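Got the viewer open? Set a cartoon view, keep the side chains ready to switch on, and follow along from stop to stop.

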Amino acid sequence: MSESQSGASYAAAGVDIEAGDRAVELMKEWVKKTRRPEVLGGLGGFAGLFDASALKNYERPLLASATDGVGTKVDIARQLGVYDTIGHDLVAMVMDDIVVCGAEPLFMTDYICVGKVHPERVAAIVKGIAEGCVLAGCALVGGETAEHPGLLGADDFDVAGAGTGVVEADRLLGADRIRTGDAVIAMASSGLHSNGYSLVRHVLLNQAGLALDARIEDLGRTLGEELLEPTKIYSLDCLALMRTAEVHAFSHVTGGGLAANLARVIPDHLHAIVDRATWTPGPIFDLVGRTGDVERLELEKTLNMGVGMIAIVPQGSVDVALTTLADRGVEAWVAGEITERGAHTTGAELVGDYA
């Protein structure tokens, strides 16, 4: 074939390498903001480097790892053309899982998959991830942007991430520390967080036909603004709580709802009772339930109902725990207690009616 004849190329197949390179350049300034002293090198290498000698002061360091995405919340961002908040959700989903065992978040990597690389759009996504990493106290040491033409539409995208943290072995939190009489402290969520959006989208957008730019009086803002509210990142709040109070366990309230996630950290012989009367879920939860005629139990096993993180502490630590969280601007309250498990009880249950 002569040089004058046109042939197949990567660009003709839909992959724009130059656009990818420009996206990397645009995101570098945001990644720099997450840098910790243990990070070596810069963005653009084949692997992110973290100086493990920083762990030499630990007697028995345990590395904690987690990976997650943000689900179909990305479709709300796509529809609204708002890309710089979804990264907060990603960091929260990953790093708040890590802090549950008492681990300090260290570093994170991300994976952004797009139908077509729009450099400014990718940079905006990374900006949100970087801002989230700052809020979680971890470094963003690398990532990957993949262009998948033919599999995704030009405006479609998805994000995922993986993170690593460290905890001293004798400070590991979990079920073995929990005792009868411990208090269950609830920390308020910022809204839906990043769970249950398939139900939310089905009810509000598909069934009810609500527009994302429609102002909803009960919400005090547009529906789109409510649905894109970033997930609260509790990592540094939980670490602060561990420094000031005795903490036996944390539970990150994600997919499955409050009871199911709390049950994951309750030992087989104990039972967590959470009283609904101790709080009022935000209006978005009522809107979903009322609009879709969704039963309460279905809502509770899908959405967080206003509680994003749980701390289980001994009664003697309740006051200092609540003071610490209040000083950090975290709304928190005693929502229940730990009891002995009966013959017909499970790991955790919600009782009563919401206030």
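Start with a quick guess: is Asp-286 buried, partly exposed or exposed? Select Asp-286 and check: its relative accessible area is 45%, so it counts as partly exposed. Keep in mind throughout that this is a predicted model.

**Stop 1: helix H9**

Now add Arg-290 to the selection. Its side chain meets that of Asp-286 in a salt bridge, with N and O 3.1 Å apart. Both residues sit in helix H9 (residues 283–292), four residues apart, or about one turn of the helix. Arg-290 is partly exposed too, with a relative accessible area of 48%.

**Zoom out**

Before the next pair, take in the whole protein. You should be able to find eleven helices and 14 strands. Of the 355 residues, 50% count as buried. For contacts between residues at least 6 apart in sequence, 85% join residues at least 24 apart. The salt bridges across the whole structure number 17.

**Stop 2: Asp-89 and Lys-73**

Show the side chains of Asp-89 and Lys-73, which form a salt bridge at 2.8 Å, N to O. Asp-89 belongs to helix H3 and Lys-73 to helix H2 (residues 73–80), so this pair ties together parts that are 16 residues apart in sequence. How accessible is Asp-89? Its relative accessibility is 0%, so Asp-89 counts as buried. Lys-73 is likewise buried, with a relative accessible area of 0%.

**Stop 3: Asp-237 and Arg-328**

Next, pick Asp-237 and Arg-328. Their salt bridge has its closest N and O atoms 2.7 Å apart. Here the link is between distant parts of the chain: Asp-237 is in helix H7 (residues 235–244), while Arg-328 is in the loop between helix H11 (318–327) and strand S13 (332–340), 91 residues apart. Colour by accessibility if you like: Asp-237 is buried, with a relative accessible area of 6%, whereas Arg-328 is partly exposed at 38%.

**Stop 4: a salt-bridge network**

Select Asp-75, Arg-78, Asp-156 and Arg-201 together. These residues are linked in a network of salt bridges.

**Stop 5: strand S13 and its partners**

Swing over to S13. Which residue of S13 is the bridge partner of Val-184? Click on Gly-336, and you have that partner. Val-274 also has Gly-336 as its bridge partner in S13. Now bring in the strands themselves. S7 (residues 183–188) is antiparallel to S13 and joined to it by five bridges. Strand S11 (residues 270–275) also runs antiparallel to S13, again with five bridges between the two.

**Stop 6: the second largest pocket**

Finish with the second largest pocket, which has a volume of about 260 Å³. To find its centre, select Asp-97, Val-100, His-252, Asn-261 and Arg-264, the closest to that centre of the 20 lining residues. Which elements should you highlight for the lining? Try strand S3 (61–69), helix H3 (86–99) and strand S10 (249–252), each of which supplies at least two lining residues. Helix H3 will be familiar, as Asp-89 from the second stop lies there. Finally, colour the lining by residue type: eight of its residues are nonpolar, nine polar and three charged.

Note on methods: Residues are numbered from 1 along each chain as its sequence is written. This is a predicted model: local features need pLDDT of at least 70, side-chain atom pairs count only at pLDDT 80 or more; totals for chains, interfaces and linings use all residues. Side-chain values use heavy atoms; hydrogens and water are left out. On a 1 Å grid over the protein atoms alone, a cavity is a set of points where a 1.4 Å probe fits but cannot get out, and a pocket is an open set with protein on both sides within 12 Å along at least five of seven lines; lining residues have an atom within 4 Å of a point. Grid points are joined across faces, edges and corners, and a volume is the space filled by probe spheres set on the points. Ala, Val, Leu, Ile, Met, Phe, Trp, Tyr, Cys and Pro count as nonpolar, Asp, Glu, Lys and Arg as charged, and the others, Gly among them, as polar. A salt bridge is a side-chain nitrogen of Lys or Arg within 4 Å of a carboxyl oxygen of Asp or Glu. Buried means under 20% relative accessible area, exposed over 50%, partly exposed in between (1.4 Å probe, protein chains only). Two strands pair if DSSP finds at least two bridges between them. Contact means heavy atoms within 4.5 Å.
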